[in-house]
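Visitor: I'd like a close look at just one part of this structure, please. Pick a strand, show me who sits beside it, and follow its side chains wherever they lead.

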Amino acid sequence: MTKRRITAAEAQYSDALAINAAGYVVGRSQTASGDEHSILWKDGRLTGLDAEAGGRPSRALAINARGQVAGRSLFPDEANQRATLWSR
């Protein structure tokens, strides 16, 4: 078994929360300021899933065989996080 770090260097901490059969991992990373951000580890690369939404707090919770990610995120002009589906 091999252990690999899958978080951004600036992260205070991170969690891997789900993995699919292709080996893609989703989870969250927390910054020193306390903001949580969804992360995807795919093909040796780490991607922040909420980058397109202006870096709003989010958490990726599950990933399916098609690579769709389910979780929650804070959308602009809303006070509470909402169910979110990330797909390409």
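Guide: One word before we start: "buried" means under 20% relative accessible area, "exposed" means over 50%, and "partly exposed" is in between (1.4 Å probe, protein chains only). Keep in mind that this is a predicted model, where local features need pLDDT of at least 70 and side-chain atom pairs count only at pLDDT 80 or more, while totals for chains, interfaces and linings use all residues. Residues are numbered from 1 along each chain as its sequence is written, and side-chain values use heavy atoms, with hydrogens and water left out.

Our pick is strand β3, residues 36–42 (strands are DSSP runs of E, at least two residues, and helices are runs of H or I, at least four, numbered from the N terminus). Six of the seven residues in β3 are buried, so the rest of the structure largely encloses this strand.

Now for the neighbours. β3 belongs to an open sheet of four strands, ordered β1-β2-β3-β4, with antiparallel pairing (two strands pair if DSSP finds at least two bridges between them). β1 (13–19) and β4 sit at the edges with a single partner strand each, so one side of each has no neighbour in the sheet.

Look at the β2 side of β3. Strand β2 (residues 25–30) pairs with β3 through six bridges, running antiparallel. If you want a spot to zoom in on, find V26, which stands opposite L40 of β3. These two strands make a hairpin with five residues between them, and in its turn G34 has a positive phi of about 100°.

Now swing round to β4 (residues 45–48), which is antiparallel to β3 and joined to it by four bridges. Here I39 has G48 as its bridge partner, and K42 has R45. The hairpin of β3 and β4 has two residues between the strands, and D43 takes a positive phi near 55° there.

So much for the backbone; let's follow the side chains. How many salt bridges does a search of the whole structure find? It finds three (a salt bridge is a side-chain nitrogen of Lys or Arg within 4 Å of a carboxyl oxygen of Asp or Glu). Start with E36, which counts as buried at 14% relative accessibility. The side chain of E36 meets that of R28 in a salt bridge, 2.5 Å from N to O. R28 counts as buried too, because its relative accessible area is 13%.

R28 also reaches D15: their side chains meet in a salt bridge of 2.5 Å, N to O. That pair links distant parts of the chain, with D15 in strand β1, R28 in strand β2, and 13 residues apart. D15 has 24% relative accessibility, which makes it partly exposed.

Back at E36, there's another salt bridge, this time with R59, and the closest N and O atoms are 2.8 Å apart. This pair joins distant parts of the chain as well: E36 is in strand β3, R59 is in strand β5, and they are 23 residues apart. Put the pieces together and you get one network of D15, R28, E36 and R59, held by salt bridges that share partners.

R59 takes us to another sheet. Its home is strand β5 (residues 58–63), and with a relative accessible area of 18% it counts as buried. Beyond its neighbours within four places in sequence, R59 is in contact (heavy atoms within 4.5 Å) with L17, R28, E36, S38, G71, R72 and W86.

β5 is part of an open sheet of three strands in the order β5-β6-β7, with antiparallel pairing. The edge strands of that sheet are β5 and β7 (82–86), each pairing on one side only. Five bridges connect β5 with strand β6 (residues 69–73), again in the antiparallel sense, and A60 stands opposite G71 of β6.

For a last stop, find E10, in the segment before β1. E10 counts as exposed, with 60% relative accessibility. Between E10 and S29 there are 9.3 Å in space, C-alpha to C-alpha, although they are 19 residues apart in sequence.
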